Amino acid sequence: MKIAIVEDDINMRKSLEIAMSDYQEFEIKTFKNAKDALKGLDDSFDLLITDINMPGMDGIELVKELNGRYEVIIMTGNATLTKAIESIHLGVKDFLLKPFDVDTLIGAIKREDRVQKVKKSVVPKIKKTTTGFLGKSESLTKVLKIADKASKTDASILLLGESGVGKEVFASYIHKNSPRAKRPFIAINMAAIPDNLIESELFGFEKGAFTDATEAKAGQFELANGGTLFLDEIGEMPYGVQAKLLRALQEKEVRRLGSSKSIKIDIRVVSATNANLSQKIKNGEFREDLYYRLNTIPLHIPPLRERKDEVLDIAEAICEQNCTKYGFDLKTFSNEAKSELLDYSWPGNIRELISVVERAVILSETQEIQKEELFLEVRK
């Protein structure tokens, strides 16, 4: 198993090298910072172990930049709940607090090794269309035709649709089919960040820019440079930050908080909302000039109730994923359960369907999921 360790503290880095040299099953390569790791990592690595607090690019930013290429274990001596939650959202499996003994680290590595072996032993059976989506419907096909045309350009795209229809999936699809596909795809949710932190999250900050700025940090615009920046829930962006976003898009440059120097950027922006932006403009909550800048190509994603041809394909794919995830034999849906899935209106869209199927996989008593095990009656 080939493992990359990213640690800026030379004593810690050397200690790990020495301690892990006793384990012949592991091939260890260490890096002193995230930027060196990005240059040295390739497809031969199986696992990344990284510190969080490092100068320049921190561990969380490194994980975002790698975008799921490797399984990750985080180690830190200065953990915060926010960092822990953020790392979990990025798919990090273990979060080790310094100081830890080497047996704790080896245990985490071996857990991850077992997970990888299980994943490799499973033959994928999930049906996918050529687009990568789990299902196919006439409504989806119409939207993808527009997305295919738009993706080949650098035009700003505004994804519109109800909550849970898969706007981030569409944003990722647009990026993967664009000339920027090999560059970063960075997603940020405006609704998930406190208003007073959005500006620093987008544009970054210099050391000393504010009380807690103990070191400089690159913003999401910089991290996405050359690639695509996905701004989800754009309607929730504070009005005061909207002018700075507009300027960044127009001038193609950003300025970190506390800096007098502008940084040139080359990105493609895809944004999304389930809000009525026209009404927000009338209410003075959203800038009209920013709306037109983001809305070069509007893409309306239909709700799941208008894409019924996809429901069973998605449900079966999610069922198989969860059976693998929880170590169950493959389960299927009874005919009555399938009818129930098709008859339901899915107000929560694909997000709700995923939740319902996962719960049914866990709670069902046999290999065939029954209608009553979907628990949809109470939702109608």
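Which strand pairs with β13 in the parallel sense over four bridges, and where in the chain does that strand lie? Before you select anything, keep in mind that this is a predicted model, in which local features need pLDDT of at least 70 and side-chain atom pairs count only at pLDDT 80 or more, while totals for chains, interfaces and linings use all residues. Residues are numbered from 1 along each chain as its sequence is written, and side-chain values use heavy atoms, with hydrogens and water left out.

**Stop 1: strand β13 and its partners**

Select residues 228-232, which form strand β10, and you have the answer: β10 pairs with β13 in the parallel sense over four bridges. Two strands are said to pair if DSSP finds at least two bridges between them, and the strands themselves (E, at least two residues), like the helices (H or I, at least four residues), are DSSP runs numbered from the N terminus. One place to look is T228, whose bridge partner in β13 is R268.

Now add β13 itself, residues 268-273, where six of the six residues are buried, so the strand is largely enclosed by the rest of the structure. Buried here means under 20% relative accessible area, exposed means over 50%, and partly exposed is in between (1.4 Å probe, protein chains only). In a regular strand the side chains alternate between the two faces of the sheet. In β13, R268, V270 and A272 lie on one side and V269, S271 and T273 on the other, and both faces are covered.

Next, select residues 157-160, strand β6, which runs parallel to β13 and is joined to it by four bridges. Within this pairing, I157 has V270 as its bridge partner, and L159 has A272. Strand β6 also pairs in the parallel sense with strand β14, residues 297-300, over four bridges, and there the bridge partner of I157 is I297. Both faces of β6 are covered as well, with I157 and L159 buried on one side and L158 and L160 buried on the other.

**Stop 2: salt bridges**

Side chains of opposite charge can pair when their charged atoms come close. A salt bridge is counted when a side-chain nitrogen of Lys or Arg is within 4 Å of a carboxyl oxygen of Asp or Glu, and a search of the whole structure finds 17 of them.

Select E162 and R305, whose side chains meet in a salt bridge at 2.5 Å, N to O. E162 lies in the loop between β6 and α7 (167-176) and R305 in the loop between β14 and α13, so the pair ties together parts that are 143 residues apart in sequence. E162 is partly exposed at 29% relative accessible area, and R305 is partly exposed at 38%.

Then select K264 and E253, which form a salt bridge with the closest N and O atoms 3.3 Å apart. K264 is in strand β12 (residues 262-264) and E253 in strand β11 (residues 253-255), so this pair ties together parts that are 11 residues apart in sequence. K264 is exposed, with a relative accessible area of 59%, whereas E253 counts as buried at 14%.

**Stop 3: aromatic rings**

How many aromatic pairs does the structure hold? There are 10, where rings of Phe, Tyr and Trp (its six-membered ring) pair if their centres lie within 6.5 Å, and planes under 30 degrees apart count as stacked, over 60 as edge-to-face and the rest as tilted. Select F203 and F221, whose ring centres are 5.5 Å apart with planes at 15°, so the pair is stacked. F203 belongs to helix α8 (residues 195-203) and F221 to helix α9 (residues 220-223), 18 residues apart. F203 is buried at 4% relative accessible area, and F221 is buried at 0%. You can then select F133, F170 and Y173, which form one aromatic cluster.

**Stop 4: around F328**

Finally, select F328, in the loop between α13 (308-326) and β15 (332-333). F328 is partly exposed, with a relative accessible area of 32%. Add K331, whose charged end sits over the ring of F328, 4.8 Å from its centre; a charge sits over a ring if NZ of Lys or CZ of Arg is within 6 Å of the ring centre and within 35 degrees of the ring normal. For another example, select K2, which lies over the face of F45 at 4.4 Å from the ring centre.
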